[in-house]
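Me: Hi! I have a new model open and would like to talk it through with you. Shall we start with the charged side chains?

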Amino acid sequence: MMSALTKKIDFIGFITVERSNPNGDPLNGNQPRTDYGGYGEISDVCLKRKLRNRLQDAGEKILVQSNERADDGCDSIRSRVEANPAMEKPLKMKDKEEGRTRIFAEEACKAWMDVRAFGQVFALKEAKKQGVDSVSVGVRGPVTLHTAVSLDPVTITGVQITKSVNNEPGDKKGSDTMGMKYRVDFGVYKFQGSINVQLAESTGFSEDDAKKVKEALCTIFENDASSARPDGSMELSLFYWIEYDNKTGNASSAKVHRSVAVRKKEGVDVPKHWEDYVLDDSALYAIEGLHIEKYVDGTLVEE
């Protein structure tokens, strides 16, 4: 039996980006996401996608899979739910039948790691042929992540690209052979998150699950390469895994998250390397009742 999670957990990470598009915005020509102040952003949804991929690589059952990474022959959440034998009972129960929502949520949490970690909203339409009423079930997960934000405004470079062949037959190159590719020249992004014990108890998220999430975070950019994110262009340079000695903690998550400060070195106007920053985590280590694991370039550092 997996041991229950008995202590609150926070984590803080710093991602170094070099000549890469960490998270394209489809509403802005797939340019890297930025806020109105020019600071780069990586959405929490993007980070969770990478975590799901890493957990899937580790052999965990994942509900929200990318179509190109589907490993069970299913092409949707509905088909994945219907293909799981454990979900047959709550699916066939009537919509207003007592206990249906609870049983559905319990079985979903048992079946899929990402459901008991991040939660999930199930909104499935009625399927008369299968005798299934509509499903509307929400599961609140214990693992939450913030949007990653760059320490300084980022510079976005656009590069004109061309293809050497047309999509369609023709003597001349068509307009589809021209395009743009965008990147962040350099940026360091800070992200943080937490694992809530009370919500972990409701989804069955265990101590072992927490260790798997930690491993996925430490290796978040493995098997994540693409033309927009070449191997080595994104790196988790620094990561803190912070465990409290009780369920609620001796400090708020907000205090812990801001306790690691990073600033530019004196004389550096535009940072171009991770080494252009100075780190101060003394405020974090001054908080009592914390067990802190510090990882530099993915390697645990003994303090």
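Me: Which residues are linked in a network of salt bridges?
Reply: Arg-54, Asp-57, Arg-69 and Glu-222 are the ones linked in that network. Keep in mind that this is a predicted model.

Me: Good to know. How many salt bridges does a search of the whole structure find?
Reply: The search of the whole structure finds 20 salt bridges.

Me: Let's pick a few. What does Arg-80 form a salt bridge with?
Reply: Its partner is Asp-72, and the closest N and O atoms of the two are 2.7 Å apart.

Me: Is Arg-80 buried or exposed?
Reply: Arg-80 counts as buried because its relative accessibility is 6%, under the 20% cut-off. Asp-72, on the other side of the bridge, counts as partly exposed at 35%.

Me: And which side chain meets Lys-110 in a salt bridge?
Reply: That would be Glu-107, with an N to O distance of 4.0 Å. Both residues lie in helix H4, three residues apart, which is about one turn of the helix. Lys-110 has 61% relative accessibility, so Lys-110 counts as exposed.

Me: One more pair, please. Which side chain does Asp-224 meet in a salt bridge?
Reply: Asp-224 meets Arg-229, at 3.2 Å from N to O. Asp-224 is a buried residue, with a relative accessibility of 12%.

Me: Back to H4 for a moment. Where is Arg-100 found?
Reply: Arg-100 is found in helix H4, which covers residues 100-111. With 4% relative accessibility, Arg-100 counts as buried.

Me: Which backbone oxygen does the side chain of Arg-100 reach at 3.0 Å?
Reply: It is the backbone oxygen of Ser-134. A polar atom of the Arg-100 side chain also lies 3.2 Å from the backbone oxygen of Met-93.

Me: Let's look at serine now. What lies 3.4 Å from a polar atom of the side chain of Ser-20?
Reply: The backbone oxygen of Ala-228 lies at that distance. Ser-20 itself is in strand S1, residues 9-20.

Me: Is Ser-20 buried or exposed?
Reply: Ser-20 is buried, because its relative accessible area is 0%. Ile-242 has a relative accessible area of 0% as well and is likewise buried; its place is in strand S11, residues 234-244.

Me: What about the surface? Which residues gather in a patch of negative charge?
Reply: Glu-18, Glu-235, Glu-275 and Asp-297 make up that patch on the surface. One of them, Glu-275, sits in the loop between strand S12 (261-264) and strand S13 (277-280).

Me: Why does Glu-275 count as exposed?
Reply: Its relative accessibility is 51%, and exposed means over 50%, so Glu-275 falls in that class. Arg-263 also counts as exposed, at 52% relative accessibility, and lies in strand S12.

Me: Changing topic to backbone angles. What is phi of Asn-30 near?
Reply: Phi of Asn-30 is near 65°, a positive value in a residue other than glycine. I point this out because most residues other than glycine have a negative phi. Asn-30 is in the loop between strand S2 (24-25) and strand S3 (31-32), and is partly exposed with a relative accessible area of 42%.

Me: And what is phi of Asn-223 near?
Reply: For Asn-223 the value is near 60°, again positive in a residue other than glycine. Asn-223 is found in the loop between helix H7 (207-218) and S11. At 58% relative accessibility, Asn-223 counts as exposed.

Me: Nice. Now the big picture: how many helices and strands are there in the protein?
Reply: There are nine helices and 15 strands. Of the 303 residues in the protein, 46% are buried.

Me: What box do the C-alpha atoms fill?
Reply: Along the principal axes, the C-alpha atoms fill a box of roughly 70 × 65 × 30 Å.

Me: Can you give me some distances for scale? How many Å separate the C-alpha atoms of Ile-242 and Ala-70?
Reply: They are separated by 33 Å, with their positions 172 residues apart along the chain. Arg-263 and Pro-32 are 231 residues apart in sequence, and their C-alpha atoms are 23 Å apart in space.

Note on methods. Residues numbered from 1 in each chain as written. Predicted model: local features only at pLDDT ≥ 70, side-chain atom pairs only at ≥ 80, totals over all residues. Heavy atoms only, no water. Patch = residues over 30% accessible without salt bridge, like charges linked within 9 Å, V, L, I, M, F, W, Y side chains within 5 Å. Areas by Shrake-Rupley, 256 points an atom, 1.4 Å probe, with all protein chains shown as cover. Lys, Arg positive; Asp, Glu negative; His and termini not counted. Charge placed at Lys NZ, Arg CZ, Asp CG, Glu CD. Helix = DSSP H or I, 4+ residues; strand = E, 2+ residues; numbered from the N terminus. Buried < 20%, exposed > 50% of the residue type's maximum accessible area, 1.4 Å probe, protein only. Polar contact = N/O pair within 3.5 Å; in protein donor to acceptor, adjacent residues only side chain to side chain.
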